[in-house]
Amino acid sequence: MAKDIKKQNASKVQAFPLQMVLIVPFVLQIFAAVGLVGYLSFKNGQKAVQELADQLMDRSNSIVEQHLNAYLAIPHNVNQINADAIAMGLLDVRDRQTLTKYFWKLMQAYDLSYIGIGLTTGEGAGAARYDGKTVTIDDWGANLPKNGKNYNTDKLGNRTNINSTFDYNNFNESWYKEPIKAGKPIWSRIYSWNGTNDLYITAATGRPIYDAQNQLLGMVGADIHLSKLSEFLRRLDVSRSGQVFIMERNGMLIANSSHYQPFAEVNHQIKRLQAADSPDPVIREIAKQIHQKGHRFESINEPTKWELEWQGERNFVYVNPWRDQYGLDWLVVVSVPERTFMGEINANNQTTIVLCVGALAVAIVIGYFTSAWITQPILRMKLASQAIASGKLDQKFDTSNIQELNILAQSFNYMAEQLSESFTALAASKAELEDRVEERTAELKTALTQLQRTQAQVIQGEKMSSLGQLVAGVAHEINNPVNFIHGNITHLNEYTKDLLRMIYLYQERHPEDDAEIQALAEEIDLEFLTEDMQKMLSSMKMGTDRIRSIVLSLRNFSRIDEAEFKAVNIHEGIESTLLILQHRLKEKPEHPAIEVIRDYGDLPPIECYPGKLNQVFMNILVNAIDALDEVNSKRTYEENQQNPSQITIRTSVSNAQWVEIAIADNGPGIPEQVKNRIFDPFFTTKAVGKGTGMGMAISYQIIKEKHSGKLECFSTFGQGTEMKIQIPIQQNIVN
């Protein structure tokens with residue numbers, strides 16, 4: 001019997017071990033999942049880079065556009081004021097002494113390079129800031145030569161001594177001729193000022209003026225420093241890693257964020273530069289590549305985005321036309337290199353890969369031990385079966401922790417016992433027959449033959465029964481992990497299809513080259529409609545929010561917030577609040593812009609009520625701005641420049657469990673008696689209509705009661721105020 005089994009095993013085709021059959025599909029599935037996660041991580045990283053670049057360029061372009069609208073409107077507003085004053089008879093154009101003193105006063109209020117008047121009689125006057133700092137007075141008559149004089153002035157704008165004399169005929173100057181010819185307010189041209197100590201480029205505006213009888217008297221003009229635009233561009237966030245520059249339609253540079261000037265100095269004379277000739281390599285390369293792609297600057301009439309390669313790196317470029325009603329037609333170009341965003345994304349990808357590899361290793365180990373746990377009892381049963389086949393009928397198979405294998409073991413043990421009993425009975429019968437061999441030889445031979453036939457049938461039946469139970473138990477046990485793997489494959493396939501359908505749907509809903517959609521967008525002026533609608537909604541929202549905040553202030557002070565906690569980035573809330581208050585922080589005629597100094601620490605996500613916490617930031621920042629505005633209103637513009645207003649925002653983690661946000665200003669500070677009542681409801685030191693007295697009381701309730709934190713005020717009268725917020729990183733929420 002043993003020989004037959006050995007021959008049968010030798011004749012079989014080589015098969016794989018059961019443990020290998022179980023673990024290989026499991027490992028393959030893990031490999032597929034890791035590959036999918038890695039691919040999705042890579043695609044998400046690329047998408048994140050594109051979205052971040054678009055957001056940064058859109059925001060930077062919007063800021064530049066707002067600044068251009070505000071800054072370049074100043075000279076035209078000044079000309080409008082002067083023309084109206086002359087038309088109303090408030091200014092006498094023949095009294096050049098009074099005119100120049102008036103122009104001198106305007107120069108103190110506006111950061112212009114020149115304000116003046118040219119008359120049809122050939123006479124004229126103006127106030128100039130030739131060196132960029134000191135204001136002097138020009139006065140010229142109609143009769144050449146030496147008809148013009150430049151005067152120094154005292155602190156009140158009165159003429160003192162003559163600085164220089166010159167020949168001047170305003171009929172030959174474009175700043176006079178072009179507005180007269182146009183008959184309306186225009187920009188005459190951009191020209192260079194080659195001073196003794198200072199070189200800069202400036203833009204001139206002009207406006208015809210008339211008397212009460214609508215008779216032409218001449219024109220009024222104002223010039224503006226274009227170097228101020230470069231200074232503004234250098235202060236933008238995007239300037240730290242990218243470039244922003246402004247140019248005319250002919251490619252001439254006007255301003256840029258580079259440390260290079262947008263013009264060249266040749267023999268102490270200004271030579272204006274094309275963008276393609278800029279000393280800054282980034283500006284130069286961007287201008288050249290736009291031309292190489294077949295795009296003329298004159299033909300760019302709508303916002304356009306490109307991805308340009310330079311020095312082996314991808315650069316995101318956004319070109320936006322900017323125009324005004326007085327004839328300016330410029331291009332604003334924003335460039336951001338890809339490396340600005342790739343550092344954190346690469347780190348995230350590396351982390352994802354490490355985690356996937358770790359998960360793969362853990363899964364392989366678990367799969368190995370699981371398969372070993374399943375196969376070891378089966379292997380022991382195999383050895384016991386081989387021992388029985390070789391004649392060792394005293395085999396006993398121990399039970400295991402698997403229910404199906406326990407049933408199989410009981411059947412195996414029962415089969416072994418039956419075989420052992422059968423062989424014992426046969427041996428006894430054989431001995432008895434041998435003792436009676438002489439008497440019943442013939443009967444014994446017959447009985448022995450029958451017994452052998454019966455023995456063969458019993459053995460074959462028991463073997464087939466046990467083998468059937470063994471096969472059924474093994475099949476059932478293997479079926480469980482196989483069904484588990486199959487079920488997960490189905491779900492994984494559905495997830496993949498869902499993701500692909502989502503991508504296809506996004507492509508269908510957002511086509512980039514659909515001519516019909518583009519035509520409709522131009523027909524309805526989609527860009528203007530979107531921008532104007534957003535402005536209208538923003539204005540309406542700000543107004544209603546203000547009304548609601550006053551009406552609901554008492555309810556918010558006493559009501560328990562029922563919203564859920566959320567883990568958020570505190571810095572995003574601070575920046576959103578600063579963005580809303582940007583109109584109060586920017587430069588005004590009476591004082592420079594309020595500088596915001598950010599000293600942000602590395603904070604984890606904080607569990608809080610985001611909306612309520614933003615309300616606290618808003619209340620504290622509004623109080624700081626009000627205090628600074630009060631100080632600025634009591635000082636001159638020069639005093640405000642010498643002592644600029646500042647708000648410092650500092651965040652940090654303390655004791656590993658708390659986050660601290662400190663907001664400080666360099667305002668007048670708070671007297672001790674006022675500081676003691678700052679968190680009392682309805683207490684305010686502001687004028688009627690400017691404050692309800694509930695802002696700090698509500699802020700204290702939000703921090704103390706809703707966030708289990710602290711809100712403290714530190715102030716020294718005359719030296720500024722600091723509001724310090726402390727809240728736990730994780731809230732203890734009782735269900």
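Here is a friendly conversation about a predicted model.

Visitor: What share of the residues of the chain counts as buried?
Guide: Happy to start with the whole chain, which has 19 helices and 22 strands. It exposes about 43,100 Å², with carbon and sulfur atoms supplying 55% of that area. Of its 735 residues, the share that counts as buried is 37%.

Visitor: Among contacts with a separation of 6 or more, what share comes from residues 24 or more positions apart?
Guide: A single pair gives a taste of such a separation: Ile-254 and Ser-227 are 27 residues apart along the chain, and their C-alpha atoms are separated by 8.3 Å. Over the chain, residues 24 or more positions apart account for a share of 60%.

Visitor: Is Ile-254 buried or exposed?
Guide: Ile-254 is found in strand 10, residues 253-256. Leaving aside residues up to four places away in sequence, Ile-254 touches several others, including Ile-190, Leu-226, Met-247, Arg-272 and Trp-330. Its relative accessibility is 1%, and the cut-off for buried is under 20%. Ile-254 therefore counts as buried.

Visitor: Which residue joins its side chain to that of Ser-257 in a polar contact?
Guide: Ser-257 has its place in the loop between strand 10 and strand 11 (263-266). At 7% relative accessibility, Ser-257 counts as buried. The polar contact between the side chains is 2.7 Å, and the partner of Ser-257 is Gln-243.

Visitor: Which strands stand at the edges of the eight-strand sheet?
Guide: This open sheet has the order 5-4-3-2-1-8-7-6, with antiparallel pairing. The strands at its edges each have a single partner strand, so one side of each is left without a neighbour in the sheet. They are strand 5 (159-166) and strand 6 (186-194).

Visitor: At about what angle does helix 4 run to strand 2?
Guide: Strand 2 (residues 124-128) is joined by five bridges to strand 1 (residues 114-119), and the two run antiparallel. Within this pair, Tyr-114 stands opposite Ala-128 in strand 2. Helix 4 (residues 96-109) lies across strands including strand 1, strand 2 and strand 3 (136-140), and its angle to strand 2 is about 25 degrees.

Visitor: Which residue takes a positive phi in the hairpin of strand 13 and strand 14?
Guide: Strand 13 (residues 304-310) and strand 14 (residues 313-323) pair in the antiparallel sense over seven bridges. Lys-305 stands opposite Tyr-318 in strand 14. The hairpin has two residues between the strands, and the one with a positive phi, near 55 degrees, is Gln-311.

Visitor: Why is one side of strand 17 and of strand 21 left without a neighbour in the sheet?
Guide: The five strands of this open sheet have the order 17-19-20-22-21, with mixed pairing. Strand 17 (595-599) and strand 21 (710-716) are left without a neighbour on one side because they stand at the edges, each with a single partner strand.

Visitor: Which residue is the bridge partner of Glu-712 in strand 22?
Guide: Strand 21 and strand 22 (residues 720-728) pair in the antiparallel sense over seven bridges. In strand 22, the bridge partner of Glu-712 is Lys-724.

Visitor: What angle does the direction of helix 19 make with that of strand 21?
Guide: Helix 19 (residues 695-706) packs on the sheet. It touches strand 21 and strand 22, and its direction makes an angle with that of strand 21 of about 135 degrees.

Note on methods:
Residues numbered from 1 in each chain as written. Predicted model: local features only at pLDDT ≥ 70, side-chain atom pairs only at ≥ 80, totals over all residues. Heavy atoms only, no water. Helix = DSSP H or I, 4+ residues; strand = E, 2+ residues; numbered from the N terminus. Buried < 20%, exposed > 50% of the residue type's maximum accessible area, 1.4 Å probe, protein only. Contact = heavy atoms within 4.5 Å. Polar contact = N/O pair within 3.5 Å; in protein donor to acceptor, adjacent residues only side chain to side chain. Pairing = 2+ DSSP bridges. Axes fitted to C-alpha atoms, helices over the stretch in contact; angles between N-to-C directions. Areas by Shrake-Rupley, 256 points an atom, 1.4 Å probe, with all protein chains shown as cover.
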